[in-house]
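Thanks for coming. I will go through one structure, one part at a time.

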Amino acid sequence: IHTVELFNYHFRVMIPLLLSIFSSCVLNLPYQMDSRICPTNANSEQVKVDENVAYFRSNSAKYELTSKENLVVEILKEYGITDINAISTFLGNIRAESNFNPSAYNTSEDALGLMQWRLGRKARLEAFCGLENTSNFDCQLSYIFTEPDWQNIEPKYQVQGQPMSYYQGLLRDYLRYGTEGNRRGYSQQYREALK
């Protein structure tokens with residue numbers, strides 16, 4: 001009887017769990033598992049998992065924003081960015097770029113931080129924060145809003161009532177990313193969480 005119970009446990013619990021991991025990590029399907037467990041960014045081997053947020057989510061559970069995510073939302077609102085689609089898209093892109101890890105580093109592109117800055121933009125980040133504070137979350141967040149590249153799109157990003165694709169287009173110009181990845185899926189998850 002013990003063998004039957006063990007089989008039932010594996011059939012009811014472990015197989016769906018493994019399928020969830022496979023669908024999220026291998027097939028990159030959103031909503032099955034929190035990406036902090038299997039980040040899909042190219043620099044994922046450098047991303048440290050925050051032990052406070054690494055957990056499985058059921059599809060029916062509402063996502064709870066972390067303290068870092070809530071801080072980003074507050075700061076966006078201070079800069080006049082209050083549209084739910086704009087905020088969701090901004091959060092989704094930070095998650096895709098660095099998983100909110102200011103120390104995230106992509107060795108193949110020499111890209112660093114929340115927005116994976118590189119080249120001259122990375123050098124300006126280092127000058128703004130100082131080398132000893134370059135990986136500081138608050139400093140990087142402040143840097144975003146003082147960066148000339150951001151200031152060029154900020155007035156357009158403050159526009160209300162646009163679809164997520166509008167804000168995504170602005171962020172594509174700002175970030176200059178190569179692959180879309182799960183940006184749209186992450187942004188949609190944040191939109192649901194912020195409702």
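Right after α7 comes Arg-176, and its phi is positive, near 60°. Keep in mind that this is a predicted model.

Let me stay with α7 for a moment. How far apart are its end C-alpha atoms? They are 16 Å apart, and since 12 residues at 1.5 Å a residue should span 16 Å, the two values agree. The buried residues of α7 include Met-164, Tyr-167, Gln-168 and Gly-169. Leu-170, Leu-171, Tyr-174 and Leu-175 are also buried there. What do the buried residues of α7 pack against? The answer is α3, α4, α5, α6 and α8.

That takes us to the core. As a general point, in soluble globular proteins nonpolar side chains tend to be buried together. Here the largest nonpolar core has 36 residues. Those with the most contacts inside it are Val-72, Phe-90, Ile-144, Trp-150, Tyr-157 and Tyr-174. Which helices supply at least two residues each? They are α2, α3, α4, α5, α6, α7 and α8. Of the contributors, α5 gives the most, with six residues.

Take Phe-90 as an example. Setting aside residues up to four places away in sequence, Phe-90 touches Val-72, Leu-76, Met-115 and Ile-144, among others. The list also includes Phe-145, Trp-150, Tyr-157 and Leu-171.

Next, a charged residue that is hidden from the surface. Glu-154 lies in helix α6. Glu-154 is buried, yet it has no salt bridge. How far away is the nearest side chain of opposite charge? That side chain is Arg-121, and it is 12 Å away. A salt bridge needs the nitrogen and the carboxyl oxygen within 4 Å, so this pair does not qualify. What Glu-154 does have is a polar contact of 2.8 Å between its side chain and that of Trp-150. Leaving out neighbours within four places in sequence, Glu-154 is in contact with Tyr-79 and Phe-145.

Now the salt bridges. How many are there? The count comes to 10. In one of them, Asp-110 pairs with Lys-122, with the closest N and O atoms 2.8 Å apart. Asp-110 sits in the loop between β1 and β2, while Lys-122 is in helix α4, so the pair ties together parts that are 12 residues apart in sequence. Is each partner buried or exposed? Asp-110 is partly exposed, at 33% relative accessible area, whereas Lys-122, at 12%, counts as buried.

Lys-122 also meets Glu-126 in a salt bridge, at 4.0 Å from N to O. These two are four residues apart in helix α4, so about one helical turn separates them. The general reason is that an α-helix has 3.6 residues a turn, so residues three or four places apart point the same way. Glu-126 counts as partly exposed, at 24% relative accessibility.

Another salt bridge joins the side chains of Glu-192 and Lys-195, at 3.2 Å from N to O. Glu-192 is partly exposed, with a relative accessible area of 38%, and Lys-195 is exposed, at 59%.

Last, a group. Which residues are linked in a network of salt bridges? They are Arg-121, Arg-124, Glu-147, Asp-149 and Arg-176. So we end at Arg-176, the residue that follows α7 with a positive phi. That is all I have.

Key. Residues are numbered from 1 along each chain as its sequence is written. This is a predicted model: local features need pLDDT of at least 70, side-chain atom pairs count only at pLDDT 80 or more; totals for chains, interfaces and linings use all residues. Side-chain values use heavy atoms; hydrogens and water are left out. A nonpolar core is a set of buried Ala, Val, Leu, Ile, Met, Phe, Trp, Tyr and Cys residues joined through side-chain atoms within 4.5 Å. Buried means under 20% relative accessible area, exposed over 50%, partly exposed in between (1.4 Å probe, protein chains only). Contact means heavy atoms within 4.5 Å. Lys and Arg count as positive and Asp and Glu as negative; His and the chain ends are not counted. A polar contact is a pair of N or O atoms within 3.5 Å; within protein, one must be able to donate a hydrogen and the other to accept it, and residues adjacent in sequence count only if both atoms are side-chain atoms. The expected span of a helix is 1.5 Å times one less than its number of residues.
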